[in-house]
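Grab a pencil and work through these exercises at your own pace. Try each task before you read its solution.

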Amino acid sequence: MTLEIVPVTNKRLLKAFIKVPWPIYKDDGAWRPPLVVERLMAFSPKSPVFDHLDWQAWIARRNGRPVGRITAQVDALHQAQHGEGTGFFGLIEGEDDQDLFDALFETAEDWLRHRGMQRIIGPINLNINQEIGLLTEGYDTPPYIMMGHARPYYCQRIEALGYQPCQRMLAYEAATDYPEPRAIALQRKRLARRIRLRPFDRSQKSADLERLRSIFNDAWSGNWGFVPFTEREFKALGRLLLMVVPNDLIWLAEIDSEAVGFIVMLPNINEATADLNGRLLPWGWLKLLWRLKVKLPASGRVPLMGVRRHLHEGPLGAGVAMSLIHKTGKAGLRHGILTSETSWILEDNSGMRAIMERIGGAVSKRYTVYEKSLGQR
């Protein structure tokens, strides 16, 4: 059967690219179809990520039938930050066929070689501040919002091409009504005089979003693969967040009137869209609006959290983190959010892992980022 790799060059092909996963996961009860309209917005040339990202997407077809997909990206901000000839692959999906994976990766790798890249890392969808990593443990439960899902054979097919793990990340799941350990409660209360917590203030939306961006870019600047959020990117993200996140699920921590930490709990929209099959028309948008406005989903995800770097090594930094988690958990309970996922957390981030485990969190999923030297063909 003829296999062809087709570059995505127009909106018709982009829609086909977005729909590739549907038949691949048709018998997987844990997969959650993304909203097609949201995916079209994410891949729009107007999306601010493309201010610094050069990319190409491809669809694999057998006798005209889509059977797989992949992207390749070069991020100018990553090059500026790390000075590496590193490119990325992402959004990999495919049927269980090594020849198919060979053809997809050969295409992406060649595209990156022609742009001077010596190393490829992925999956990164589309840059480090979006979905990253391949699910390698936790296939039997649905992903939370903005987290990936995969077939178990994906890692085998990718590793067969010479890719090696270069980073592992974890998702922790915990009850929002966790029993707070006495030592944590005492420390949090002892530091309460120094740490002021306040919810996001929509009356100064632009200023608060900039505070969140500043904290994030500072807090994460030493992390693996870090690329800063641009102002345009964070404003766009803020617009999306504020459409679905109540004010009291976004908290800032201040010390001496300086914003030093923040946390965001995002209602798990995957729970609300599970039966929409990716469609908002004709009546899906009404169902989604009712589910988000009348009662939030019973689960939420903490996708963004940060404490300024100068506090990382001392008890005050841990106190800020624990205070933010406690406050957000109580707010989540008021909205009926019973469980939450904090993701992703680097496997070697012992400080954050210790905090999560002390409040009863457990690793629910593992993700792997792979790398390979491109060399010369």
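**Exercise 1: rings**

Are tryptophan 22 and tryptophan 31 buried or exposed? Then work out how their rings are arranged.

Before we start, two ground rules. This is a predicted model, where local features need pLDDT of at least 70, side-chain atom pairs count only at pLDDT 80 or more, and totals for chains, interfaces and linings use all residues. Residues are numbered from 1 along each chain as its sequence is written, and side-chain values use heavy atoms, with hydrogens and water left out.

Step 1. Buried means under 20% relative accessible area, exposed over 50%, and partly exposed in between (1.4 Å probe, protein chains only). Tryptophan 22 and tryptophan 31 are both buried.

Step 2. Rings of Phe, Tyr and Trp (its six-membered ring) pair if their centres lie within 6.5 Å; planes under 30 degrees apart count as stacked, over 60 as edge-to-face and the rest as tilted. That rule gives 16 aromatic pairs. In one of them, tryptophan 22 meets tryptophan 31 edge-to-face, with 5.2 Å centre to centre and 85° between the planes.

Step 3. Now try phenylalanine 216 and tryptophan 220: their pair is stacked, at 5.1 Å centre to centre and 20° between the planes. Both phenylalanine 216 and tryptophan 220 are buried too.

Step 4. Follow the ring pairs onward and you get a cluster of Phe216, Trp220, Phe229, Phe234 and Trp344.

**Exercise 2: two helices**

Describe how helix 8 and helix 9 pack, and say which residues make the contact.

Step 1. Two packed helices are described by the angle between their axes and the distance between the axes. Helices (H or I, at least four residues) and strands (E, at least two) are DSSP runs, numbered from the N terminus. Axes are lines fitted to C-alpha atoms, for helices over the stretch in contact, with angles from 0 to 180 degrees between N-to-C directions.

Step 2. For helix 8 (residues 205-219) and helix 9 (residues 231-244), the axes come within 10 Å and cross at roughly 115°.

Step 3. Contact means heavy atoms within 4.5 Å. Helix 8 brings Lys205, Leu209, Glu210, Leu212 and Arg213, while helix 9 brings Glu231, Phe234, Gly238 and Leu242. Phe234 also belongs to the ring cluster from Exercise 1.

**Exercise 3: cysteines**

Why is cysteine 166 not bonded to cysteine 155?

Step 1. A disulfide is a pair of cysteine sulfur atoms within 2.5 Å. Searching the whole structure turns up 0 disulfides.

Step 2. The closest cysteine sulfur to that of cysteine 166 sits in cysteine 155, but it's 15 Å away, so that's too far for a bond.

Step 3. As for exposure, cysteine 155 is buried at 15% relative accessibility, and cysteine 166 is partly exposed at 24%.

**Exercise 4: backbone oddities**

Where are the cis peptide bonds and positive phi values in this short list of examples?

Step 1. Most residues other than glycine have a negative phi, and most peptide bonds are trans.

Step 2. The bond from asparagine 125 to leucine 126 is cis, with omega near 0°. Leucine 126 is in the loop between strand 6 (124-125) and strand 7 (131-132).

Step 3. Serine 343 and tryptophan 344 are also joined by a cis peptide bond, with omega about -10°. Tryptophan 344 is in strand 14 (residues 339-346).

Step 4. Asparagine 63 has a positive phi, near 50°. You'll find asparagine 63 in the loop between strand 2 (53-62) and strand 3 (65-75), and it's exposed at 54% relative accessible area.
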